[in-house]
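Reader: I am new to reading protein structures, and I would like a close look at a single part of this one. Could you pick one aromatic side chain and walk me through its surroundings?

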Amino acid sequence: RALLRAGEAPASSVRTLFEPKAVAVIGASRESSSLGRRVLDALVAACFRGPIYPVNAHADQIAGRRCYRAVRDLPPGDYAVKAALAYRDSNCWLNI
């Protein structure tokens, strides 16, 4: 069907989100107690089969994995993206 009714979506349109081949963790951190690091560690502990790409503008490596400075620096591909929030001066921002 060329047009779908409102609220309908083919399973393929959300497959990347629920069955990703790779995951980018935006806000991954060297600090083991941070949300970004816990997300990264959880993916590793869960034996995620695809590449896991930590994204942090201030790190070269996190948990033995090459770290990318920005999303635009990631290798080409489809990703499920996990973003970790950071708080500075009571303002919430994402490092994307």
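**A close look at tyrosine 53**

Author: Happy to! Let us start with tyrosine 53, which is buried, with a relative accessible area of 15%. The cut-off for calling a residue buried is under 20% relative accessible area, so tyrosine 53 falls on the buried side. Please keep in mind that this is a predicted model.

Now for its partner. In the whole chain, the count of aromatic pairs comes to 1. That pair is formed by tyrosine 53 and tyrosine 68, in an edge-to-face arrangement, with 5.5 Å from centre to centre and 85° between the planes. Why is it called edge-to-face? Because planes over 60 degrees apart count as edge-to-face, and here the angle is 85°.

The two tyrosines come from distant parts of the chain. Tyrosine 53 sits in strand E2, residues 52–55, while tyrosine 68 belongs to the loop between strand E4 (65–66) and strand E5 (80–83). Along the sequence they are 15 residues apart. Tyrosine 68 is buried as well, since its relative accessibility is 8% and the limit is under 20%.

Next, the nonpolar cores. The largest one has 9 residues: Val23, Val25, Ala28, Leu40, Leu43, Ile52, Ala59, Ile62 and Cys67. Strand E1 (23–26) and helix H2 (35–45) are the elements that give two or more residues to this core. Apart from it lies another core, of 8 residues, and this is where our pair turns up: Tyr53 and Tyr68 are among its members, along with Ala22 and Ala24.

For contrast, look at the surface. Val14, Leu17 and Phe18 form a nonpolar patch there, with about 330 Å² of accessible area together. Leucine 17 lies in helix H1, residues 15–18. This leucine counts as exposed because its relative accessibility is 56%, and the cut-off for exposed is over 50%.

Finally, let us step back to the chain as a whole. The chain has 2 helices and 7 strands, arranged along the sequence as α-β-α-β-β-β-β-β-β. Of its 96 residues, 28% are buried, and tyrosine 53 is one of the buried residues. Among contacts with a separation of 6 or more, 52% join residues 24 or more positions apart. The chain exposes about 6900 Å², and carbon and sulfur atoms supply 52% of that area.

Key: Residues are numbered from 1 along each chain as its sequence is written. This is a predicted model: local features need pLDDT of at least 70, side-chain atom pairs count only at pLDDT 80 or more; totals for chains, interfaces and linings use all residues. Side-chain values use heavy atoms; hydrogens and water are left out. Helices (H or I, at least four residues) and strands (E, at least two) are DSSP runs, numbered from the N terminus. Buried means under 20% relative accessible area, exposed over 50%, partly exposed in between (1.4 Å probe, protein chains only). Contact means heavy atoms within 4.5 Å. Accessible areas come from the Shrake-Rupley method with a 1.4 Å probe; for residues, only the protein chains shown count as cover. Rings of Phe, Tyr and Trp (its six-membered ring) pair if their centres lie within 6.5 Å; planes under 30 degrees apart count as stacked, over 60 as edge-to-face and the rest as tilted. A nonpolar core is a set of buried Ala, Val, Leu, Ile, Met, Phe, Trp, Tyr and Cys residues joined through side-chain atoms within 4.5 Å. Patches are made of residues with over 30% relative accessible area and no salt bridge: like charges are joined within 9 Å, nonpolar side chains (Val, Leu, Ile, Met, Phe, Trp, Tyr) within 5 Å. A salt bridge is a side-chain nitrogen of Lys or Arg within 4 Å of a carboxyl oxygen of Asp or Glu.
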